[in-house]
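Subject: Structure handover

Hello,

Here is the structure I promised to pass on. Please open it alongside this note, which covers the pocket and the salt bridges.

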Amino acid sequence: MKTAFCSLLGAVAVLAAGATASFANDRYADMPPVMVSPDLSAPWVLQLGHAPGIVRPARQATQQPQRRLFQAQPDQQRTAAVQAPARRMAMRPQINPIYLPQEVAYDGPQTPGTIVIDTKQNFLFLIEKNGKARRYGVGTGKPGFEWSGTHKITDKKVWPDWRPPAVMIKREAAKGRYLPTYLAGGIENPLGARALYIGTTEYRIHGTNQPWTIGGAVSSGCIRMRNEDVVDLYERVNVGTTVEVI
């Protein structure tokens, strides 16, 4: 009996020693990789709810490109980064060539240097000498936001910031779209690359990050131009220029 008990103790000791040695070896062994849920790997801000002032894409739309990017090889990543904007642009409507800048004949009564905005045809004319005008396509006020009048350009800004009027913030919030109270100038700013401020109104002639809307009645009263076109106009006119909206 005593011999069997000693044998049992010896076996337990051997097993304990083996387990200790195994644990010691496991301590320095390569551990398996940690797997993270895709939901947790998304930027933290995308996990927030629809808080006022936040305008964000859907999580699925944001995460899916991230997964493809991390799985791709370096060369494939660079190719994808170049091709993705092209694919997005291909899906958007193209601007009608009639709204591209061009020289046209003009026989109106306005003097050279005057800006005339035709909100019915969605054209902006910069009157030149010798019966000519430089014509640009523009986006104008949507139904309910039409206006007309004669004013002066009171200010000019490069990559302007945006402070939506309180009435606009309230109006859009009622539709479930929350606007920021302030947005710094840049490519994501809806005022685009340049802004010409019209009189004491809240309206501007400005660029846009949605060039496919040119030629339509799409704004809350402001006059939209392609970024390259508003840059061209910005260089041609000064503060004090007359603006006639018809």
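Does R226 count as buried or exposed? R226 is buried, because its relative accessibility is 15% and the cut-off for buried is under 20%. Keep in mind that this is a predicted model.

R226 has a charged partner. Its side chain forms a salt bridge with E228, and the closest N and O atoms are 3.1 Å apart. E228 counts as partly exposed, because its relative accessible area of 47% falls between the limits of 20% and 50%. So this salt bridge joins a buried arginine to a partly exposed glutamate.

Now the other salt bridges. The whole structure has 8 of them.

E172 takes part in two pairings worth viewing together. One is with K175, with 3.6 Å between the closest N and O atoms. The other is with R177, also at 3.6 Å from N to O. What is the relative accessibility of E172? The value is 8%, so E172 counts as buried. Its partners do not share that class. K175 is exposed, with 56% relative accessibility. R177 is partly exposed at 44%.

There is also a network. Salt bridges link E103, R134, D232 and R236.

Next, the largest pocket. How much space lies in it? The volume is about 1,300 Å³. Its lining is made up of 41 residues. Those nearest the centre of the pocket are R177, E188, P190, N209 and Q210. R177 is therefore a residue to look at twice: it lies among those nearest the pocket centre, and it is the partly exposed partner in a salt bridge with E172.

Which elements give two or more residues to the lining? They are helix 5 (166–174), strand 8 (204–206), strand 9 (217–219) and helix 6 (227–236). Helix 5 provides the largest share, with 4 residues.

The make-up of the lining by class is as follows:

- Nonpolar: 21 residues
- Polar: 9 residues
- Charged: 11 residues

For a first look, I would start at R177, in the group nearest the pocket centre. Then go to E172, which pairs with R177 and with K175. Finish at the pair of R226 and E228.

Best wishes

Note on methods. Residues numbered from 1 in each chain as written. Predicted model: local features only at pLDDT ≥ 70, side-chain atom pairs only at ≥ 80, totals over all residues. Heavy atoms only, no water. 1 Å grid on protein atoms, 1.4 Å probe; cavity = no way out; pocket = protein on both sides within 12 Å on 5 of 7 lines; lining within 4 Å. Points joined across faces, edges and corners; volume = space filled by probe spheres on them. Nonpolar A, V, L, I, M, F, W, Y, C, P; charged D, E, K, R; others polar. Salt bridge = Lys/Arg side-chain N within 4 Å of Asp/Glu carboxyl O. Buried < 20%, exposed > 50% of the residue type's maximum accessible area, 1.4 Å probe, protein only.
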